[in-house]
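These are my notes from one sitting with the model. I went through strand pairing, then one helix, then a chain overview and the contact between chains.

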Amino acid sequence: MIFTKLNAKGKWLLNRFNIPRQTIALGLLFGILVVVFLAGRALFVPRSFGLYGHYRGDAIKDNESLAIQFAGSTACADCHADIFDLKAGSFHANVACEVCHGAAADHIADPGKMKQSAPRERGLCPLCHNYNPARPTGFPQIITDRHNPGKPCMKCHNPHDPKPPSVPAGCNECHRAIANQLAVSPHAALDCTICHDVPETHKISPRQNRPGKPNNNNFCGRCHAKPADTSTNAPPAAELIPTHRVEIKTHAGRYLCWECHYPHHPEAGP
Amino acid sequence: MKNKISSKNLLSRRQFLDFCRKAVPTGLLLVTAGAGRAGGPGHSVADPASAGGEGQGTLRPFGMAIDIRKCIGCGRCVNACKIENNVPREPLYFRTWVERYILPAEGEPKVDSPNGGLDGFPEIAESNSVLKSFFVPKLCNHCANPPCVQVCPVGATFQSPDGVVLVDQKYCVGCRYCIQACPYGARYLHPEKLTADKCTFCYHRIKKDLLPACVEVCPTQARVFGEIGSHSSPLWRFIRANATTILKAELNTRPNVFYAGASSEVR
């Protein structure tokens, strides 16, 4: 039936433009293919495809909408403030609650229903504190098999406020990474106490007695101000090359020097 | 007679050639203009250097820095990642894992990662010949020039506008091309979903201003997360204060994961 119609139409076109019947049939077939392709494309390609690039734009939302398992380091403090504060002042201050007690998002959603685990046996602590030569020097480690075998760690150590067995002798015992960096920097000759005022009690309870940092740009200016500005004459000031001197008042604006320059590794630059 | 009619109504050869001469450059012009418009913003997203300059609508890419000198190899990041992202517990499926490098006094360095470091590391067998040993946490490098995105035949893996390489779990056909293409071995085929799976920087967390799970639980702050190029981000401050390297720089993948304290053996 199509072909009879085609014939009639074809004759008309044939007479008018002298287009052969085969060409018209092929043209129509091609047109149908284009329509089928466009329809199929509209049907199968997701609407958001190509919104941002060669992918489904909604996939970003899919990835974003997944459920959270770990509630975050501060979420626990709302209810368990006493333990949180104790831990915040201890050597474990940077160890998040969820490291030992497990993911807490369900517990925060419904505290009565979901209880967090509290590991009291010997297994968990050695994951961090068992001796392993690959661990960084200075990290507190024990040989688990010889260190009071069979006894749960919690019998002697409070995991929320662990205490080192002896008072550290120098700064580099705990701040090894900083000490290593400082040792190869132009500031190597400066003792820690030149910039930090360290209370003696910092070595015993470090988090409650934090050392001070320079809170005034004139402190760095003692060496790094333009010579005209130097009111005090600290010994190394004269030997500094001119490029390391700035107008302290105008150079930094409202920022402190160490907010942009890292004093333990000053050549890193801002 | 037919020939006469056709030569009257159809284009002459000269006319046809003249039409082509005009049509070809015009078509080319239109195609390049269209491609330029489509490719423009995509390119600026992939390139962090130009992202800052072009302003409107472009986001700073996310990145991570790993301080090898701080990692104690406790494997808590591996554990947290498996919980947060429903990664199968059985071995060989990891979004992040910890490798232990053992450099003997002479010979090739050895690398081991029993169960991804999830249960800790056994003692080193020949400990007297060890020169140096350290841990290297690994994860998807979220390359600015990602080979996995290039090879995906269906557009199921892609780079989000904030520089995170993601997988479209509904669109992936599980052909494993991306797993082959990744030079860092950061991808695996999820045994239940049968789609490619990889680190997303915990995209569902970072978009809610939480840290990725591995960064959240790291007890020594060996992992630092933030925006690249933002002066207020902890990541950028870390990169300014430390000499960092990237893995397999020679492949020109331009990773957004940076390593501090990595010796030349780390790759």
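I count two strands as paired if DSSP finds at least two bridges between them. The model is a predicted one, and I keep that in mind throughout.

**Entry 1. Strand pairing in chain B**

I started with β2(B), residues 96-104. I found 9 bridges joining β2(B) to β4(B), residues 130-139, and the two strands run antiparallel. For a register check I took B:V98, which stands opposite B:P137 in β4(B).

Which other strand did I look up as joined to β2(B)? I looked up β3(B), residues 110-112, which is joined to β2(B) by 3 bridges and also runs antiparallel to β2(B). Here B:I102 stands opposite B:K110.

I then looked at the hairpin of β2(B) and β3(B), where 5 residues lie between the strands. In this hairpin B:G107 takes a positive phi, near 105 degrees.

**Entry 2. Helix α9 of chain B**

Next I checked burial in α9(B), residues 234-241. I noted B:L235, B:F238 and B:I239 as buried. Why do the buried residues line one face of the helix? Seen down the axis of α9(B), they fall within an arc of 95 degrees, so they line one face. As background, an α-helix has 3.6 residues a turn, so residues three or four places apart point the same way.

I also asked what the buried residues of α9(B) pack against. The partners are strands of chain B: β1 (62-67), β9 (223-227), β10 (244-245) and β11 (257-260).

**Entry 3. Overview of chain A**

I turned to chain A and found 12 helices and 0 strands. Read along the sequence, the pattern of chain A is therefore α throughout, as α-α-α-α-α-α-α-α-α-α-α-α. Chain A has 270 residues, and buried residues make up 16% of them. Of the contacts in chain A with a separation of 6 or more, 47% are between residues 24 or more positions apart.

**Entry 4. Contact between chains A and B**

How many residues does each chain bring to the contact? I have 39 residues from chain A and 45 residues from chain B. On the side of chain A that touches chain B, the elements giving two or more residues are α3 (58-64), α5 (97-101) and α7 (126-129). The largest share there comes from α3(A), with 5 residues. I sorted that side of chain A by class and noted 22 nonpolar, 12 polar and 5 charged residues.

Definitions and conventions:
Residues are numbered from 1 along each chain as its sequence is written. Chains are lettered from A and ligands numbered from 1 in the order in which they are written. This is a predicted model: local features need pLDDT of at least 70, side-chain atom pairs count only at pLDDT 80 or more; totals for chains, interfaces and linings use all residues. Two residues are in contact if their C-beta atoms, placed from the backbone, lie within 7 Å. Helices (H or I, at least four residues) and strands (E, at least two) are DSSP runs, numbered from the N terminus. Ala, Val, Leu, Ile, Met, Phe, Trp, Tyr, Cys and Pro count as nonpolar, Asp, Glu, Lys and Arg as charged, and the others, Gly among them, as polar. A residue is buried if 20 or more other C-beta atoms lie within 10 Å of its own, exposed if 12 or fewer, and partly exposed in between; C-beta atoms are placed from the backbone. The arc is that of the directions from the helix axis to the C-beta atoms.
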